[in-house]
Amino acid sequence: MKHTDIKDIVTKKEFLGTQVTVCGWVRTARDSKNMAFLALNDGTTLNHLQIVIDKSTDVVLPDGATKLGAALKVVGTVVENINNGSVEINAEEITVLGECPADYPLQKKFQKLETLREMPHIRVRTNTFNAVFRVRSVMAAAIHRFFQDRGFVYVNTPLITGSDCEGAGEMFKVTTIGYSNEYKTEEEYYADDFFGKKAGLSVSGQLEGEVAAMAMGKIYTFGPSFRAEKSNTVRHVAEFWHVEPEVAFAELPDLIELAQDMIKYIIRDYMEKCPEELKFFEERFEKGLTDKLLNVVNSDFAIVDYTEAIEILKKADVKFDYKVEWGCDLQSEHERYITEVVYKKPVFLINYPKEIKSFYMKQNADGKTVAATDLLVPGIGEIIGGSEREADLNKLLSAMEAKGMSTEDYKDYLDLRKYGTVPHSGFGLGFERVIMYCTGMGNIRDVIFYPRTVGNIR
Ligand code: 4AD
Ligand code: MG
């Protein structure tokens, strides 16, 4: 169907005075005796295009064309809108492509995000979700460009896996055997299952990412990860998109530099490519969003030792729900205090106690901490988790033993330390979390198309 994008008509002067065909859905309609006005949106921009129907001419306004949500094709001439300096269409021919009955859920101008969440197939038609998903697309492209321009190889790591990367017991099982009381033991069950052993959905592509980095030097993954976390928070979903670079010959400071460069790059790109959406989010969801992002782009992130953070938190004049002690895992309230109240910018927390972090992290010389880093940002908390990896086979084996892990399941991974091991580092960025940060959307369920959370799937 030959037609012109509304975005082009509203932004490019060359259409003025010409006849065009536009297609879209009716967002608002006003119909009176002599004139009718329709606001048409085709998803290419947040701006609606005004269609003017002069009833004194022989142009026909077909039945159903003024119903909210109806799909139309309009042929007409682009003219200047004298009231606001933008353009509108003087309609010459209107075709209803798809009618829309009165039970269309978006009759009210503004609906609560909670209400919209109940209808993911409809909410994408609102300006909010149009903006969110366009920004998401632009940011995904920026991530690829950032890594591709720096010579990183994009690898697709398996989604179904036999090994648990994070070891936090949050894996979804993958099985083809339904409910059955035929099996006496778990081993018997899995032996009979599709893969002949226990399998699950991957929580992270890191272990395979390390395999690839040991061959190609610099790699990244960008795909879904799955976590059966029961935590019903505004920043957790069971299926999220994960960006995981892995770099050979890189130590923790190199990794921190890479993460900071990447975050700044994608924010700069977003600000440049999506000014309309940014303005929308600033007005509707987060006052000061633009200044916040400019500040991120223009200043260095803080780097703070975990031990120092604990001291700061202990001295803080605030009552936390969870008590702070050296060795404790930081809760979101602690992370947010550090980044929002103390530093007021993104903070790399480094050198965490080894007990609260994963087996693969490089053990520091103090014997107590590992060369890990989490990037904490105001408003959200952790958006990145990463580390230098333990490159020494014996140290890695002892960490696995201390965590009660079976080395048998990680034989391939251990081979990396046997055959030409090198210092290497990587991190995981939660894609939805960085979108939340850049849009001001307060709930992760509103930055992913079909959010999966505990008790909720469709
Ligand atoms: O900190 P995490 O668990 O680290 C890893 O998975 C490492 N294997 C990454 C690596 O070094 N390659 O997860 C990384 C990031 C978190 O910082 C968070 O942003 C995001 O993934 N994330 C989630 N996002 C949404 N919902 C969830 N349930 C998430 N769990 C983690
Ligand atoms: Mg983490």
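This report describes the salt bridges of a predicted model, and then turns to a sheet and a helix that lies across several of its strands.

## Salt bridges across the structure

Side chains of opposite charge can pair when their charged atoms come close. A search of the whole predicted structure finds 20 salt bridges, and a few of these are described here individually. One group of residues, made up of Glu-210, Glu-246, Arg-389 and Arg-417, is linked in a network of salt bridges.

## Two pairs with a partly exposed lysine

Asp-8 and Lys-12 form a salt bridge in which the closest N and O atoms are 3.4 Å apart. Lys-12 has a relative accessibility of 37% and counts as partly exposed, and Asp-8, with a relative accessible area of 23%, is partly exposed as well.

A salt bridge also joins Asp-269 to Lys-273, where the closest N and O atoms are 2.6 Å apart. These two residues are four residues apart in helix H7, which covers residues 252-273, and so they are separated by about one helical turn. Asp-269 is at 7% relative accessibility and therefore counts as buried, because buried means under 20%, whereas Lys-273, at 41%, counts as partly exposed.

## A pair that joins two helices

Arg-136 forms a salt bridge with Glu-432, and the closest N and O atoms of this pair are 2.9 Å apart. Because Arg-136 lies in helix H4 (residues 127-149) and Glu-432 lies in helix H14 (residues 431-439), the pair ties together parts that are 296 residues apart in sequence. Arg-136 counts as buried at 13% relative accessibility, and Glu-432 is buried too, with a relative accessible area of 1%.

## The sheet and helix H14

The model contains an open sheet of eight strands with mixed pairing, and its strands follow the order S6-S9-S10-S15-S14-S13-S12-S11. Strand S6 (153-154) and strand S11 (302-305) stand at the edges, and because each has a single partner strand, one side of each is left without a neighbour in the sheet. Within the sheet, strand S10 (residues 239-248) pairs with strand S15 (residues 424-430) in the antiparallel sense over five bridges, and Val-243 has Leu-429, in S15, as its bridge partner.

Helix H14, in which Glu-432 lies, also has a place beside this sheet: H14 lies across strand S9 (218-226), S10, strand S13 (369-377), strand S14 (381-388) and S15, and runs at about 60° to S15.

How values were computed:
Residues are numbered from 1 along each chain as its sequence is written. Chains are lettered from A and ligands numbered from 1 in the order in which they are written. This is a predicted model: local features need pLDDT of at least 70, side-chain atom pairs count only at pLDDT 80 or more; totals for chains, interfaces and linings use all residues. Side-chain values use heavy atoms; hydrogens and water are left out. A salt bridge is a side-chain nitrogen of Lys or Arg within 4 Å of a carboxyl oxygen of Asp or Glu. Buried means under 20% relative accessible area, exposed over 50%, partly exposed in between (1.4 Å probe, protein chains only). Two strands pair if DSSP finds at least two bridges between them. Contact means heavy atoms within 4.5 Å. Axes are lines fitted to C-alpha atoms, for helices over the stretch in contact, and angles run from 0 to 180 degrees between N-to-C directions.
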